[in-house]
Amino acid sequence: MSGLDYGTGMAYSYYYGYLRIILPSTGTEAKGIYEKLENFEDIHNISISIKKLFILIPFSTYIPPDLKSLSYEWMENIQELEPEVRDRAGINKRSYHNNIYKIYVGGYKSRNESEYVAVEGATPLLTFFEVQKHFHPESAIYKKYCKEIIRAFYLKLKELIYNDPDCRDVCELIYYNDYNSDGTKVNIAEVILERISTLKN
């Protein structure tokens with residue numbers, strides 16, 4: 001049954017059904033994520049220090065509609081990048097969107113220079129989270145092996161991205177425990193900033 005587990009299946013679907021569409025530069029009018037980030041910098045006169053799409057993979061699998069709610073007011077969604085539009089699976093002009101967040105380093109009232117980042121949660125995880133909340137025949141087994149499924153998703157997705165030269169330098173996976181030892185939610189802005197700092201160094 002190697003490769004037939006739920007986590008590996010989610011990774012393949014996410015990679016080919018989304019990341020492989022929106023990340024690469026195509027050499028045509030269709031822009032990759034790097035070009036879109038450069039355009040955003042030029043239009044808004046800002047600097048994006050790490051021109052990658054950051055993908056969040058939290059252990060709990062829960063990802064809210066707006067990441068601001070996980071940041072203790074350290075970040076806010078400021079604008080969408082220009083959409084990627086494709087004809088796919090019988091749907092004409094299907095649109096794919098990515099968002100830019102502003103991170104107030106040290107908090108909203110801090111005078112530190114802000115960071116801008118393209119970041120989002122891995123959407124298959126939210127679907128997986130919702131499946132576990134309902135009483136499907138498989139829900140109990142998914143809850144029991146949730147950690148193993150998420151780890152399999154992360155490892156396969158990491159492998160797929162790393163082995164694709166068109167994607168490996170424009171995508172960053174953040175696989176993390178989204179709860180502190182005292183049961184409180186981690187500040188996702190700090191998690192992202194720590195990764196940015198690592199990449200800069």
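**Strands, helices and the terms used for them**

Mentor: Let us begin with one pair of residues in this predicted model: Lys-102 stands opposite Tyr-116 in β6. Lys-102 belongs to strand β5, which covers residues 99-103, and β6 covers residues 115-121.

Trainee: What makes β5 and β6 paired strands, and in which sense do they run?

Mentor: At least two bridges are needed for two strands to count as paired, and four bridges join β5 to β6, so the requirement is met. These two strands run antiparallel.

Trainee: What makes β2 a partner of β5 as well?

Mentor: Strand β2, residues 75-80, shares five bridges with β5, again in the antiparallel sense, and one of the facing pairs is Gln-79 opposite Ile-100 in β5.

Trainee: Why is β5 called largely enclosed?

Mentor: A residue is called buried when its relative accessible area is under 20%, and five of the five residues of β5 are buried, so the strand is largely enclosed by the rest of the structure. This holds for both directions in which the side chains point, since Asn-99, Tyr-101 and Ile-103 point one way, Ile-100 and Lys-102 point the other way, and all are buried.

Trainee: Is Pro-65 buried or exposed, and how do you know?

Mentor: The cut-off for exposed is over 50%, and Pro-65 has 85% relative accessibility, so Pro-65 counts as exposed. Its place is in the loop between β1 and β2.

Trainee: What makes β2 and β7 the edges of their sheet?

Mentor: The open sheet has five strands in the order β2-β5-β6-β1-β7, with mixed pairing. Because β2 and β7 (171-176) each have a single partner strand, one side of each is left without a neighbour in the sheet. On average, neighbouring strands of this sheet are turned by 40° against each other, with direction ignored.

Trainee: Which strands here run parallel?

Mentor: Strand β1, residues 53-58, runs parallel to β6, joined by four bridges, and Leu-53 stands opposite Ala-118 in β6. Helix α5, residues 146-162, packs on the sheet and touches β1 and β7, and its direction makes about 160° with that of β7.

Trainee: Why is α1 called oblique to α5?

Mentor: Helix α1, residues 6-22, packs against α5 at an angle of about 40°, with the axes 7 Å apart. Angles under 35 degrees would count as roughly parallel, and 65 to 115 as roughly perpendicular; about 40° falls in neither range, so α1 is oblique to α5. The crossing of α1 with α5 is right-handed.

Trainee: How do you know which class of residue prevails where α1 meets α5?

Mentor: The residues of this contact divide into 13 nonpolar, two polar and one charged. Among those in α1 are Met-10, Tyr-14 and Leu-19, and among those in α5 are Phe-153, Lys-156 and Leu-160.

Trainee: What makes α1 and α3 oblique to each other, at their angle of about 140°?

Mentor: The cut-off for roughly antiparallel is over 145 degrees, and roughly perpendicular ends at 115; about 140° lies between these limits, so α1 and α3 (residues 123-133) are oblique. Their axes are 10 Å apart, and the crossing is right-handed. Tyr-6, Met-10 and Tyr-14 in α1 meet residues of α3 including Leu-125, Phe-128 and Val-131. By class, this contact has seven nonpolar, one polar and no charged residues.

Note on methods
Residues are numbered from 1 along each chain as its sequence is written. This is a predicted model: local features need pLDDT of at least 70, side-chain atom pairs count only at pLDDT 80 or more; totals for chains, interfaces and linings use all residues. Side-chain values use heavy atoms; hydrogens and water are left out. Buried means under 20% relative accessible area, exposed over 50%, partly exposed in between (1.4 Å probe, protein chains only). Axes are lines fitted to C-alpha atoms, for helices over the stretch in contact, and angles run from 0 to 180 degrees between N-to-C directions. Contact means heavy atoms within 4.5 Å. A crossing is left-handed if the near helix is turned anticlockwise from the far one by less than a right angle, and right-handed if clockwise. Ala, Val, Leu, Ile, Met, Phe, Trp, Tyr, Cys and Pro count as nonpolar, Asp, Glu, Lys and Arg as charged, and the others, Gly among them, as polar.
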